[in-house]
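Q: Could you take a close look at one part of this model for me, the aromatic side chains, and then walk outward to what surrounds them?

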Amino acid sequence: MSAVCVTGLVTVDTGTYWSSFGQWVIMALFQIGGFGMMTLGIGDVSSVAKLVLFVTVIVEVMTALALALRLHLGYDLPLAEAAWSGLFHSVSAFNNAGFSIHADGLIRYASDSYFLAPVMLAIVIGGLGFPVLQDLRNKLRDPQHWSVHTKLTLVGTAVLLAGGAILLLAFEWANPRTLGSMPAGDKLLSAIFASVSARTAGFNSIDIG
């Protein structure tokens, strides 16, 4: 239920409790669920089927590749393990599912922009939805003719992401249990990631509790 509804809630540690097959099933479920969320509101689904497939494959593959290379080269993970982790977190991020195969979520990457940046980009692109992406593809240089839905989505997303990051920085800057002990750059990265994730994705790079 949690996977297909892309909520990211778990009762057991995804990475250690489930077998490899079980993890593949979970990933398949939030991929299917993500399609439903992202295509919601499209009148003629068949007319954008190619766009849905193209964007999904391109974003997920590129994100998975970036994460896998970072894990393999930066953390010395075996290539197969790095590739699987990269793929799982890529699909989870693009579909805004929030599932991780790490017991601590993404806390271990809190200061790693090379890992968090691709995840954030996938979250934002996936969160916009295909109706918005289709509108941008057709009218990228003609914002005056963007649909109201597209305009509201883009403005709302920008306000929420920027506003959330600013508020988190303001309230948590000196808190030793969250951002207080981090260098300024890491504080900014963590606040932006928390804001992006809280928008809809459900990941965390700081212990929320």
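A: Happy to. In this predicted model, Trp24, Phe30, Trp84, Phe88 and Phe99 come together as one aromatic cluster. Across the structure there are 8 aromatic pairs. One of them joins Phe30 and Phe99, whose rings are stacked, at 5.5 Å centre to centre with 25 degrees between the planes. Phe30 belongs to helix 2, while Phe99 sits in the loop between helix 4 (79-94) and helix 5 (113-128), so this pair ties together parts that are 69 residues apart in sequence. Both partners, Phe30 and Phe99, are buried.

A second pair makes a nice companion to look at. The ring centres of Tyr75 and Tyr109 are 5.5 Å apart and their planes meet at 85 degrees, so this pair is edge-to-face. Tyr75 is in the loop between helix 3 (49-74) and helix 4, and Tyr109 is in the loop between helix 4 and helix 5, so parts 34 residues apart in sequence are tied together here. As for cover, Tyr109 is buried, with a relative accessible area of 2%, whereas Tyr75 is partly exposed at 34%.

From Tyr75 you can step to helix 3. This helix has 26 residues and spans 37 Å from its first C-alpha to its last, close to the 38 Å expected at 1.5 Å a residue. Its buried residues include Leu51, Val55, Val59, Leu67 and Leu71, and polar ones such as Thr56, Glu60 and Thr63 are buried too. After helix 3 comes Asp76, which has a positive phi near 60 degrees.

Now for the nonpolar interior. The largest nonpolar core has 29 residues, and those with the most contacts inside it are Leu106, Phe115, Leu116, Val119 and Phe203. Helix 3, helix 4, helix 5, helix 6 (130-139) and helix 8 (184-201) are the elements that give it two or more residues. Helix 5 gives the most, with 7 residues.

Finally, turn to the surface. Val4, Phe21, Val25, Leu29 and Ile32 form a nonpolar patch there, and together they have about 450 Å² of accessible area. Ile32 is in helix 2 (residues 20-39), the helix that also holds Phe30. With a relative accessible area of 55%, Ile32 is exposed, whereas Phe30 is buried.

Key
Residues numbered from 1 in each chain as written. Predicted model: local features only at pLDDT ≥ 70, side-chain atom pairs only at ≥ 80, totals over all residues. Heavy atoms only, no water. Patch = residues over 30% accessible without salt bridge, like charges linked within 9 Å, V, L, I, M, F, W, Y side chains within 5 Å. Areas by Shrake-Rupley, 256 points an atom, 1.4 Å probe, with all protein chains shown as cover. Salt bridge = Lys/Arg side-chain N within 4 Å of Asp/Glu carboxyl O. Helix = DSSP H or I, 4+ residues; strand = E, 2+ residues; numbered from the N terminus. Buried < 20%, exposed > 50% of the residue type's maximum accessible area, 1.4 Å probe, protein only. Phe/Tyr/Trp six-rings, centres within 6.5 Å; stacked < 30°, edge-to-face > 60°. Expected span 1.5 Å × (residues − 1). Core = buried A, V, L, I, M, F, W, Y, C linked by side-chain atoms within 4.5 Å.
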